[in-house]
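Let's walk through this one together, starting where the two chains meet and ending with a couple of backbone oddities. Have the coordinates open as you read.

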Amino acid sequence: MSELLLRIVTPDRTIMDRMVSSVSFVGTDGRYGVLPHHAPLMTGIAQSGTAMITEIDGKQNEMFVTDGFAQVQHNTLTLVCEAGEFADEIDLERVKAAEVRAREQLAGLDKLSEDFLMAEGALRRALAREMIARRSGTGSMR
Amino acid sequence: MANLKELRGRIKSVSSIAQITGAMEMVASMKLRKVQAKAQNFSPYTAEIRHMIQRIATKVAGEEDVPLFTQREVKTVGFFLISSDRGLCGSYNSNLLQTLKRKVDELKAGGKQAKFWVYGRKGYTWLIRRGFEVERFFVEPALDKADFKSAKLVGEALVEAFTSGVCDELRLFSTRFLSMAKFVPTEQLFLPIRTIAVGDGAEQDNYALDFLIEPDASTVFNALMPRYLETVIFDAMLQSLTSEHASRRMAMKGATDAAGRMTKDLKKIYNRARQESITKELLDIIGGASAVS
């Protein structure tokens, strides 16, 4: 069975560097599915995206990746992003708190200000994290 | 007798200095370990970002006018200096500042101006004392606690300075950590971006140069550019911080060792003096006793 090398690199750590069978992630302009021997590619990763990793044994793992870039070459997909977490690494309580905070901020801000965009981004990230954590928590896969 | 007392005092003070420097050495090596791990974890990220920008620069170069690529006639050179906040770290700061001074003198001789952006109090006071003007002194957050966000802050300030024409060139002055015992002050051209122009090595590194870019080259490039600059700055910060701790550890180890040797020597002198006084006293007693009998 063919496989590809997936590397996920963040400023804090290298999260993954191993062979998988396919990956799908959210780019700046839509969802990408990367199978082994994908054509060379470079794109941005959405501000609050998710990546679905299909392991070699067919298991699926979902993770949160945010704000970065992806490139494919030589059968290697590299996701270079600000942060990335597996579902079981997400602290749901913290995410909840972040969501509440972001909502409060959003309510009091001018819709055209830069702060609004920042708060909106924070809210999106919180929601994406929450989604992933919940989905894996119930054990149901899409 | 006064001599003996004096010696005792000195032995005591030297050994308490050894205690302090020993503690500082331990603290420094602990911090060093932490920072080094951080730097190590960060380096793959730096490598990837660098790699990407090199790849994409081949696509963008010549296609359009990117302000950060523009080379102007250099009249004012900006320096971003990363020094330490605290002293007692051996020749860490002075090495860096000597290198800087040579560079600045050279520029001055060529009729150019220099402006400074500084991280670290030592570098700041050094510049001020020599009458240089510091454009901006970054204090918050302290370098120890600096994270990616502070690199962003610095990056924005520097890009702003460059694009608004405050300076025509920006150089990074920091210390590169080569090994536990080797740190080299380095100068790095920051803006305009020249180093990432497609090297001849590009093909040999077997980058796949023919690749798809979504949505298009300039969009990705414009998103990647600020990230790249921050990464370069953060990398320099981490390297400097690692060097600082390593340098402090070495200096403190030297001090502790020297203090240990000194205590040993002083003890020898002290014992000799004590023996001498005992002998003298004994002679006195014997002399006195024989006079009585």
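Two strands pair if DSSP finds at least two bridges between them, and strands themselves are DSSP runs of E with at least two residues, while helices are runs of H or I with at least four, both numbered from the N terminus. One thing to keep in mind is that this is a predicted model, in which local features need pLDDT of at least 70, side-chain atom pairs count only at pLDDT 80 or more, and totals for chains, interfaces and linings use all residues. Residues are numbered from 1 along each chain as its sequence is written, with chains lettered from A and ligands numbered from 1 in the order in which they are written.

With that in hand, go to the place where the chains pair up. Strand β5(A) runs parallel to β6 of chain B (residues 212-214), and three bridges link them. In this pairing, T43(A) sits opposite E214(B) of β6(B).

Now zoom out to the whole contact. Counting residues as in contact if their C-beta atoms, placed from the backbone, lie within 7 Å, 21 residues of chain A touch 20 residues of chain B. On the chain A side, β5 (41-45), β7 (60-73) and β8 (76-86) each bring at least two residues, and β5(A) gives the most, with four. Sorted by class, that side has eight nonpolar, 10 polar and three charged residues; here Ala, Val, Leu, Ile, Met, Phe, Trp, Tyr, Cys and Pro count as nonpolar, Asp, Glu, Lys and Arg as charged, and the others, Gly among them, as polar.

Next, follow chain B into α6(B), which covers residues 217-292. Its 76 residues should span 112 Å at 1.5 Å a residue (taking 1.5 Å times one less than the number of residues), and the end C-alpha atoms are 110 Å apart, which agrees. There is still a kink of about 25 degrees at L224(B), shortly before the proline P226(B); the bend is the angle between axes fitted to the seven residues ending there and the seven starting there.

Finally, back to chain A for the backbone. Most residues other than glycine have a negative phi. H37(A), in the loop between β4 (30-34) and β5, has a positive phi near 60 degrees. D67(A), in strand β7, is not a glycine either, yet its phi is positive at about 45 degrees.

Are these two buried or exposed? A residue is buried with 20 or more other C-beta atoms within 10 Å of its own, exposed with 12 or fewer, and partly exposed in between, with C-beta atoms placed from the backbone. H37(A) has 11 and so is exposed, while D67(A) has 18 and is therefore partly exposed.

How values were computed
Two residues are in contact if their C-beta atoms, placed from the backbone, lie within 7 Å.
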